[in-house]
Amino acid sequence: AAFVDLVGNKELSGCGTLLAASFAKPGKPSEGLPSVKKYNAMAKMLDPIKVAGQKGDVGKAKSAYGKASDAVQSYLDAVELPSLSDPIYD
């Protein structure tokens, strides 16, 4: 559920893209915003984690998480949210 909430699915956008796009000035497209670019990069990095989890491959999931954590942190910085190491995420 958290994956769909953040990234969305075929029918709905996730809250991650909405938050990233909220930094756009009124009447301006959001696609070129750094926050949207970082969201898109992060979203692509999360798919391998999901696939590995569905297959039950813990090793691949951990490896994919390691690769994705930098992209997630970059997105969090862009949308002015706390770092992954913040206790709020515990």
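Helices here are DSSP runs of H or I with at least four residues, numbered from the N terminus. In this predicted model, α3 is followed by G56, whose phi is positive, near 75 degrees.

The protein as a whole has four helices and zero strands, so that from the N terminus on its elements read α-α-α-α. Along the principal axes, its C-alpha atoms fill a box of roughly 45 × 30 × 20 Å. Of the 90 residues, 27% count as buried. Among contacts with a separation of 6 or more, 38% are between residues 24 or more positions apart.

Helix α3 covers residues 34–55. Its 22 residues, at 1.5 Å a residue, should span 32 Å, and the end C-alpha atoms lie 33 Å apart, which agrees. The buried residues of α3 are S35, V36, Y39, M42, A43, L46 and A52.

S35 serves as an example from this helix. Its relative accessible area is 4%, and buried means under 20%, so S35 is counted as buried. Apart from neighbours within four places in sequence, S35 is in contact with A20, F23, Y75, A78 and V79.

F23 also appears on the surface. Together with L19, Y65, L81, L84, I88 and Y89, F23 makes a nonpolar surface patch of about 630 Å². Within this patch, L81 belongs to the segment after α4 (58–78). L81 has 36% relative accessibility, which falls between the 20% and 50% limits, and therefore counts as partly exposed. Over the protein, about 6,200 Å² is exposed, and carbon and sulfur atoms supply 59% of it.

Notes. Residues are numbered from 1 along each chain as its sequence is written. This is a predicted model: local features need pLDDT of at least 70, side-chain atom pairs count only at pLDDT 80 or more; totals for chains, interfaces and linings use all residues. Side-chain values use heavy atoms; hydrogens and water are left out. Helices (H or I, at least four residues) and strands (E, at least two) are DSSP runs, numbered from the N terminus. The expected span of a helix is 1.5 Å times one less than its number of residues. Buried means under 20% relative accessible area, exposed over 50%, partly exposed in between (1.4 Å probe, protein chains only). Contact means heavy atoms within 4.5 Å. Patches are made of residues with over 30% relative accessible area and no salt bridge: like charges are joined within 9 Å, nonpolar side chains (Val, Leu, Ile, Met, Phe, Trp, Tyr) within 5 Å. Accessible areas come from the Shrake-Rupley method with a 1.4 Å probe; for residues, only the protein chains shown count as cover. A salt bridge is a side-chain nitrogen of Lys or Arg within 4 Å of a carboxyl oxygen of Asp or Glu.
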